[in-house]
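Student: I am new to this structure and would be grateful for a close look at a single part of it.

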Amino acid sequence: MLGRAGRLKKHDLGRVYLLIEPGKNYSSRNKTTEENIAISLLNGKIKDFELHPDEDRSLTELLAFISMFNEGVEKAVIYKFNDDVINANYEIEGFLNKLINSRLIRLSNGALYKSTFLGQSVAKSFLTVETSLSIIEELKKKEKKISEIVLDLKSLRNVYLTKKVVADLSKHRPAKYSSNNFFSSSNLSLMDANYVKKRKSFSDDFIKYVVKWTNEIFNCDCKDNPYCECGRLNLEKLILNLRVEDNFSIKEITEYLEDELEIMIYMGDITDYLENLIYSFESISNICKGVSNLDPIYNEELSDIPNIIERIRK
Ligand SMILES: [Zn+2]
């Protein structure tokens, strides 16, 4: 196990222990024994640490730097900051213009760069400039509710079929064709009630689940249903509603999903997911406050956000 132990300039030495079982292979795909892999790791060449340039992240970093100065910052100070940044191979004038054109910063008195309220909101959030600008675009289009934009931001991962369904399925299909991941393509390929009914190989129970999943989760009219994002979004909406509308505890949410939908999500993953939703609601709410001429159709939802956050939290 190798973690990020030690702090730069505080510790000069770290120890890594390699635990091996002689003669064993840790994966069926890798025929080399564990001890031979350990030896080749110890004798191998250590790769240089390398960070790949990322324009969006660098731009976000620059915005965060400018946002630190309440009274604005001179260009010379920005250039000096940029000299110390790793991967600062971008053209700083272009970056400044981009931030000005997106109304995230402005130039005051022709000398000081200062972040706008919107720029401050973006800098305070965990979102990058690019994601924030695409959220602003979405808000202007007025096609989605704020809660839908929030749910789009970070998708729920680690959604599984319950053990009961996996056991049932394994009787009819070789294990190599199935995955216990609910949104895996092998599972999605079965989300057609008529198809599974016609095939004799599926149990009545499984057919019942597929009918339920297609009615409650994969129920959109998209051409690529169930491979579109609607299924995941519906499940996310359901979890949010169980928490906010029905006041379910995390444990009650996992039990509900398991009993009603034969879906298994670990409690820790649901907690993480809900915590992320709080950050997303807060960030988008701040961004909304910074967008000039935001359509009043959002007012009601915006004023309800503190209440939603409170209900997720408690
Ligand atoms: Zn869809």
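Which residue stands opposite L112 in strand 3?

Tutor: The model shown here is predicted. The residue opposite L112 in strand 3 is E74. Strand 3 covers residues 112-115, and E74 belongs to strand 1, residues 73-74. Strand 1 and strand 3 run antiparallel and are joined by 2 bridges.

Strand 3 is also paired with strand 2, which comprises residues 105-108. Here 4 bridges make the connection, and these two strands likewise run antiparallel. Within this pairing, Y113 in strand 3 has L107 opposite it. Strand 2 and strand 3 together form a hairpin, with 3 residues separating them. In the turn of that hairpin lies N109, whose phi is positive, at about 55°.

The two faces of strand 3 may be considered next. In a regular strand, side chains alternate between the two faces of the sheet. In strand 3, Y113 and S115 make up the covered face, whereas L112 and K114 make up the uncovered one. The two positions discussed above can now be placed: L112, which stands opposite E74, is on the uncovered face, while Y113, which stands opposite L107, is on the covered face.

In summary, strand 3 is joined to strand 1 by 2 bridges and to strand 2 by 4 bridges, running antiparallel to strand 1 and to strand 2.

Definitions and conventions
Residues are numbered from 1 along each chain as its sequence is written. This is a predicted model: local features need pLDDT of at least 70, side-chain atom pairs count only at pLDDT 80 or more; totals for chains, interfaces and linings use all residues. A residue is buried if 20 or more other C-beta atoms lie within 10 Å of its own, exposed if 12 or fewer, and partly exposed in between; C-beta atoms are placed from the backbone. Two strands pair if DSSP finds at least two bridges between them.
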